[in-house]
Amino acid sequence: MTGIDNITLIASLLLGLGLWMLLPRGSSRGKAFGLVLTTAAMGLFAYKLFPLDDLVSDAVFYVMTAVTLVSAVGAVTMRSPVYCAIWFALTLLGTAGLFFFQGAQFLGVATIVVYAGAILVTFLFVLMLCNPEGDSLYDRLSFEAGISSITGALLVGLLTWTAAATVFGDAKAVAAKPAEGPAPIAFASSYEAQGKSILTDHHVERLGMELFTRHLLAVEVAGTLLLVALVGAVAIVAHSRPADELGPATEEGRRNA
Amino acid sequence: MPNEFDHALAEIHLLQNYLLIGAVLFTVGLVGFLARRNMIVMFLAAEMMLQGVSVSLVGWGRFHNDWGGQMLVIFILTVAACEAAIALALIQMLFQRSGNLDIAIWQRLREENQPAYVDREIPEDFDPKQVFPTLTPAGIDPHIREEETIHRTHV
């Protein structure tokens, strides 16, 4: 078990501080400084990333990572919820790229089609339905941004530290027998020639086989879950009685109704 | 075979990179979920946490040459779709009741002896009576023929 290293520690602290400054608060002072701090934190995290095989995959990987993480920060800190949704769409594109990079082609496509295409558009749709006119106070304030950011800094420090420590054990296992026999861990790319790899050319075919044989019960349960969610959503909307019958909760709601 | 050793090390590095990205994505989503007050933005942040987990799962799946990681992500997608449907229905209902998307309004559901959360600051540039620009209608009203409202002769 290795201790947490200085760079991870500093990067976590900087990320927490930067997020705290970027989150909507009373004043808009310190936003630029928050941006600088968050960028510095991202830079330090990028420094912790390991370079990959060749220059091209390095470049693609770093671009995908940058798109994902920068737009994630944007999605969380923007004032206007519409901008949040657009930044989140960019996050989804970045994660889809990361999925493609890992050879998970189906998931990359599904993320773009299902998440960015369907879920996010529904979000925007409800946003347009619900957006009250004019400035909203609650988009310009945060709940306890300081405590949330401290939580975030602690969590990211802990997660990166444990991840590094976990994989470090595996790395030692590999290092223990470098020369002879098969590697102690079954790597995808070492099986590639035998066709047993998840990096196979027949990706969707193999994925479908796996999904509808080994995980057939889970597919059935997921289908049931979708049906229940559908019925539930309809029931929630249909059973919410009109506001004048029930009495809206606030003065503003009374005006809106 | 030193080549195979390098290969294994490259796979480990790839996994570590993905775990790091997943951790940062999860954390940013968590901070957003805790701090933001707009219900829709809160749900976007929750979806972002799911994305962080998905990235880690795909990384582990590649590392162990196992389909399980990708299978789990497929089911995460399913659950996220269900969650979005129900959450948006709830948000729509709550908006009809309260007139805005602020989650802090629903602190009225708290226990009686709990203190209320009070905003400590008001944004400096906040203007509650802000008016957004609108477009004035331009041009002349089109002449509508009576029979065309019932039956369209040509498209």
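This tour moves from chain A as a whole to the place where chain A meets chain B.

The model is predicted, so local features need pLDDT of at least 70 and side-chain atom pairs count only at pLDDT 80 or more, while totals for chains, interfaces and linings use all residues. Residues are numbered from 1 along each chain as its sequence is written, and chains are lettered from A in the order in which they are written.

Select chain A. Chain A has 10 helices and 0 strands; helices are DSSP runs (H or I) of at least four residues and strands (E) of at least two, numbered from the N terminus. Of the 257 residues in chain A, 41% are buried, where buried means under 20% relative accessible area with a 1.4 Å probe, protein chains only.

Next, show chain B as well. In chain A, 125 residues are in contact with 96 residues of chain B; contact means heavy atoms within 4.5 Å. The two chains bury about 9900 Å² between them, 72% of it on carbon and sulfur atoms. Buried area is the accessible area (1.4 Å probe) that two parts lose on being put together, summed over both.

Now select residues 105-130 of chain A, helix 5, and residues 39-63 of chain B, helix 2. Their axes, 12 Å apart, make an angle of about 175°. Helix 5 of chain A and helix 2 of chain B are therefore roughly antiparallel, a term for angles over 145 degrees. Finally, display the side chains of this contact, including A:Tyr115 and A:Phe123 from helix 5 of chain A and B:Phe43 and B:Glu47 from helix 2 of chain B.

Key: Side-chain values use heavy atoms; hydrogens and water are left out. Buried means under 20% relative accessible area, exposed over 50%, partly exposed in between (1.4 Å probe, protein chains only). Axes are lines fitted to C-alpha atoms, for helices over the stretch in contact, and angles run from 0 to 180 degrees between N-to-C directions. Angles under 35 degrees count as roughly parallel, over 145 as roughly antiparallel, 65 to 115 as roughly perpendicular and the rest as oblique.
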